[in-house]
Amino acid sequence: MPWKDTSRAPKTTYVYTVAALDGVGNVSSEATITVTTLPDTIRPSKPRNFRKVARSGAYVTFDWSPSVDNVKVAKYYVYRTGRSKPVAVTKYSKIRIYTVRGAYYYVRAVDTSGNRSYASAKVRGRR
């Protein structure tokens with residue numbers, strides 16, 4: 001009888017031990033197999049509806065529709081255009097950050113394997 005284990009993490013080694021049981025209760029000797037799951041290479045979906053929802057002085061609150069992933073979205077990186085490193089990191093689809101006048105911002109989702117989504121639309125932080 002076939003069996004499929006569908007709840008395993010990517011790029012992880014698992015050990016399975018099986019034995020057969022016949023109709024009268026006889027048990028076979030055990031067999032062990034070691035398997036490693038394939039790495040996750042699928043990027044999360046692009047964050048949608050990235051927008052500014054509030055402003056207080058130099059601080060702006062952005063939010064967006066959460067991304068989805070085949071394994072799990074772990075975090076979001078918020079970038080300012082022209083910078084290669086994120087200016088903020090969050091687990092949530094809403095964040096309040098200090099912004100630079102005239103700068104544009106965008107967000108990317110990152111999954112538990114480090115795959116990054118495509119960038120969201122760009123939004124001006126403050127004028």
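This passage walks through the core, the aromatic pairs and a few notable surface and backbone positions of a predicted model.

A good place to begin is the interior. The largest nonpolar core holds 15 residues, and those touching the most other members are Phe50, Phe62, Trp64, Val78 and Ile97. Two or more residues of this core come from each of β4 (59-65), β5 (73-80), β7 (94-98) and β8 (104-111).

Aromatic rings give a second view of the structure, which contains seven aromatic pairs. One of them joins phenylalanine 50 and tryptophan 64 in a tilted arrangement, with 5.8 Å centre to centre and 55° between the planes. This pair links distant parts of the chain, since phenylalanine 50 belongs to strand β3 and tryptophan 64 to strand β4, 14 residues apart. Phenylalanine 50 has a relative accessible area of 7% and therefore counts as buried; tryptophan 64, at 3%, is buried too. Another tilted pair is formed by phenylalanine 62 and tyrosine 105, whose rings are 5.6 Å apart centre to centre with 40° between the planes. Here the partners sit in strand β4 and strand β8, respectively, 43 residues apart. Phenylalanine 62 is buried, with a relative accessible area of 0%, and the value for tyrosine 105 is 0% as well. Ring pairs bring Phe50, Phe62, Trp64, Tyr76 and Tyr105 together into a cluster.

Phenylalanine 62 deserves a further look. Beyond residues up to four places away in sequence, its contacts include Phe50 and Arg51, Ile95 and Ile97, Tyr105, and also Val123 and Gly125.

Turning to the surface, Tyr59, Tyr98 and Val100 make up a nonpolar patch with about 290 Å² of accessible area together. Valine 100 is in the loop between β7 and β8, and its relative accessible area of 32% makes this residue partly exposed. Tyrosine 118, in the loop between β8 and β9 (123-124), is exposed, at 56% relative accessible area. Its C-alpha atom is separated by 5.2 Å from that of lysine 46, although the two residues are 72 residues apart along the chain. Apart from neighbours within four places in sequence, tyrosine 118 contacts Arg43, Lys46, Pro47, Val107 and Arg108.

Finally, the backbone offers two points of interest. Most residues other than glycine have a negative phi. Lysine 11, however, has a positive phi of about 55°. Lysine 11 lies in the segment before β1 (13-18) and is exposed, with 65% relative accessibility. Asparagine 49 also has a positive phi, near 60°, and is placed in strand β3 (residues 48-56).

Technical notes
Residues numbered from 1 in each chain as written. Predicted model: local features only at pLDDT ≥ 70, side-chain atom pairs only at ≥ 80, totals over all residues. Heavy atoms only, no water. Core = buried A, V, L, I, M, F, W, Y, C linked by side-chain atoms within 4.5 Å. Buried < 20%, exposed > 50% of the residue type's maximum accessible area, 1.4 Å probe, protein only. Helix = DSSP H or I, 4+ residues; strand = E, 2+ residues; numbered from the N terminus. Contact = heavy atoms within 4.5 Å. Patch = residues over 30% accessible without salt bridge, like charges linked within 9 Å, V, L, I, M, F, W, Y side chains within 5 Å. Areas by Shrake-Rupley, 256 points an atom, 1.4 Å probe, with all protein chains shown as cover. Salt bridge = Lys/Arg side-chain N within 4 Å of Asp/Glu carboxyl O. Phe/Tyr/Trp six-rings, centres within 6.5 Å; stacked < 30°, edge-to-face > 60°.
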